[in-house]
Number of protein chains: 2
Amino acid sequence: MLTSKAKYALRAMIDLAIETGTGPRRPFFIGDIARRQDIPRRFLENILLDLRKHGLVVSHRGKAGGYALAKAPDLISFADIIRAIDGPLALTPCTSRTAYQRCEDCRDEAMCAIRKTMLKVRQASADILESTTLAQAASTGEGVNDAIDQVRATGD
Amino acid sequence: MLTSKAKYALRAMIDLAIETGTGPRRPFFIGDIARRQDIPRRFLENILLDLRKHGLVVSHRGKAGGYALAKAPDLISFADIIRAIDGPLALTPCTSRTAYQRCEDCRDEAMCAIRKTMLKVRQASADILESTTLAQAASTGEGVNDAIDQVRATGD
DNA sequence: CGTAAACTCAATTGACTTGGTAGAGTCAAC
DNA sequence: GTTGACTCTACCAAGTCAATTGAGTTTACG
């Protein structure tokens, strides 16, 4: 399972992508993101700091500061965000591309049945998570908001 | 990542499958499994107890007791074992088939971009883990042992 | 019988992680 | 030079992980 920190991170990043839209990337306040996404504000500070250290957002300090996406929304994947917050996608260290570590107790990696299967799982998960970008998520995300706004507007 | 408990469980179950081979399912001692697989013995007791409570192994008490596979090796999948020890395969509660829980903060499940992606990941992972059985793992596993024995025999 | 050798069950432990909170900063725009 | 933003370090309570411990209970066998 993802930690709630990682889920918050995904939501915050999608929020940034939605607010940014197709225009230039400009910074938004933590407080605004926290309010819109209903994320504990001080906790979101930690999360955005982590994301910044991993190069996924940039910050501007001072009165007109805030956080902005570090890259175009179609260049940031779910995998980037999850890896930044929760660490490797793989189910075992011996199948992680980003944090590989040999099994201490595995006699022959090439033949290990567990490893073979975990490699397949990691590959399948990574394929999906790396090909899903903020740009895609933001467009479905906006759909949700539009739909809700419409419901609200028509009083349904 | 899997917990080490789940990895031990997979190893112990594969060990049982290898020892059982194609013959009838008979019980093996915790101590023997622990020694062969280099798993802390008392910890393995907990694990086998969990696996028994989930119906994956059966136990016999008393002097000639032990643990045996509850079903044929080709009817027990990696997914069964991982679910028994670590819980749901899904990355979020809202995409778990076995422990579904609605997102408290999700406005529209059908349109949620995060959920949509996590569903795909769970489906892909489950497809692999449910189709990989102890029977398959045991045959590659035996290959490893044979290969190692051969290396030992030829002194290489 | 009775006892050795197996499984069973509940509890404990120590280190670490998770999900937050708090406070004292630093920085930049006006 | 103050205001309103981010930053850094630290802290905390609760829970999880990875075992370990100890006191049973059960059964085969002589």
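Helix H3 of chain A gives the largest share of the surface near DNA strand D, with five residues. The model is predicted. This briefing covers the surroundings of that strand, then the cavities.

**Around DNA strand D**
- DNA strand D is surrounded by 27 residues.
- The closest are Glu45(A), Ser59(A), Gly62(A), Tyr67(A) and Arg42(B).
- By class, this surface has 10 charged, nine nonpolar and eight polar residues.
- Sugar or phosphate accounts for 63% of the strand's atoms within 4 Å of the protein, and bases for the rest.

**Backbone contacts with the strand**
- Ile30(A) places a backbone N or O atom 3.0 Å from a phosphate oxygen of DNA strand D.
- A polar backbone atom of Ser4(B) is 3.3 Å from a phosphate oxygen of the strand.
- For Gly62(B), a backbone N or O atom lies 3.4 Å from a base oxygen.
- In chain A, the elements giving two or more residues to the surface near DNA strand D are helix H3 (41–53), strand S1 (57–60) and strand S2 (66–69).
- In chain B, they are helix H1 (4–20) and helix H3 (41–53).

**Cavities**
- Two cavities of 30 Å³ or more are present.
- The largest has a volume of about 40 Å³.
- Its lining includes Arg83(B), Pro88(B), Leu89(B) and Arg122(B).
- That lining divides into three nonpolar, two polar and three charged residues.
- The second largest cavity holds about 30 Å³ of space.
- Among the residues lining the second largest cavity are Arg83(A), Ala90(A), Ser96(A) and Thr98(A).
- Its lining has three nonpolar, two polar and three charged residues.

Conventions. Residues are numbered from 1 along each chain as its sequence is written. Chains are lettered from A and ligands numbered from 1 in the order in which they are written. This is a predicted model: local features need pLDDT of at least 70, side-chain atom pairs count only at pLDDT 80 or more; totals for chains, interfaces and linings use all residues. Side-chain values use heavy atoms; hydrogens and water are left out. A residue is near a molecule or strand if one of its heavy atoms lies within 4 Å of it. A polar contact is a pair of N or O atoms within 3.5 Å; within protein, one must be able to donate a hydrogen and the other to accept it, and residues adjacent in sequence count only if both atoms are side-chain atoms. Helices (H or I, at least four residues) and strands (E, at least two) are DSSP runs, numbered from the N terminus. Ala, Val, Leu, Ile, Met, Phe, Trp, Tyr, Cys and Pro count as nonpolar, Asp, Glu, Lys and Arg as charged, and the others, Gly among them, as polar. On a 1 Å grid over the protein atoms alone, a cavity is a set of points where a 1.4 Å probe fits but cannot get out, and a pocket is an open set with protein on both sides within 12 Å along at least five of seven lines; lining residues have an atom within 4 Å of a point. Grid points are joined across faces, edges and corners, and a volume is the space filled by probe spheres set on the points.
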